[in-house]
Amino acid sequence: MMNNTATTLDIMVFATGVTSVEQANIILEKLLLHDGVKQANFDMEDVDNILRVVSSGITEREIEQILLQQRLWCRTLA
C-alpha cells in the first residue's frame, strides 16, 4: 500500500541586500544545506535582488538569520 502523505511547500520571497553573484552563491550554498529548503534562487536583475525559497520546515526568521550571518539583510515581500 502506498503512503500518500502530502508535504506542504511554502514559497517565500524576499528583497535582499545581496549585490553580487558571489554573495548570492554563498547564501544559496548555506540555504541548501538546510533540510527544509527544497529550492532557492536569486533574481539579480530585479531592483530588490529577489530571493525565492521553496521550503518545508524553515521559517522566514531562519532565512533572515542566514543572511545576517553574512552581514546581509532581507525583508519579506507580501
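1. Helix packing. In this predicted model, helix H1 (residues 21-32) packs against helix H2 (residues 60-69) at an angle of about 135 degrees, and their axes are 10 Å apart. H1 is therefore oblique to H2, an angle over 145 degrees being needed to count as roughly antiparallel. The crossing in which H1 passes H2 is right-handed.

2. Helix contact. H1 contributes Ile27, Lys30 and Leu31 to this contact, while H2 contributes Ile63, Ile66 and Leu67. By class, the contact residues comprise five nonpolar and one charged, with no polar residue.

3. Sheet order. Four strands form an open sheet in the order E2-E3-E1-E4, and their pairing is antiparallel. Strand E2 (37-43) and strand E4 (74-76) are at the edges, each with a single partner strand, so one side of each has no neighbour in the sheet. On average, neighbouring strands are turned by 25 degrees against each other, direction ignored.

4. Pairing of E1 with E4. Strand E1 (residues 10-16) runs antiparallel to E4 and is joined to E4 by three bridges. One residue pair may be located directly: Phe14 has Thr76 in E4 as its bridge partner.

5. Helices on the sheet. H1 lies across E2 and strand E3 (50-55), and its direction is at about 170 degrees to E2. H2 also packs on the sheet, where H2 touches E1, E3 and E4. The direction of H2 makes about 35 degrees with that of E1. E3 is thus named in the packing of H1 and in that of H2.

Technical notes. Residues are numbered from 1 along each chain as its sequence is written. This is a predicted model: local features need pLDDT of at least 70, side-chain atom pairs count only at pLDDT 80 or more; totals for chains, interfaces and linings use all residues. Side-chain values use heavy atoms; hydrogens and water are left out. Axes are lines fitted to C-alpha atoms, for helices over the stretch in contact, and angles run from 0 to 180 degrees between N-to-C directions. Helices (H or I, at least four residues) and strands (E, at least two) are DSSP runs, numbered from the N terminus. Angles under 35 degrees count as roughly parallel, over 145 as roughly antiparallel, 65 to 115 as roughly perpendicular and the rest as oblique. A crossing is left-handed if the near helix is turned anticlockwise from the far one by less than a right angle, and right-handed if clockwise. Contact means heavy atoms within 4.5 Å. Ala, Val, Leu, Ile, Met, Phe, Trp, Tyr, Cys and Pro count as nonpolar, Asp, Glu, Lys and Arg as charged, and the others, Gly among them, as polar. Two strands pair if DSSP finds at least two bridges between them.
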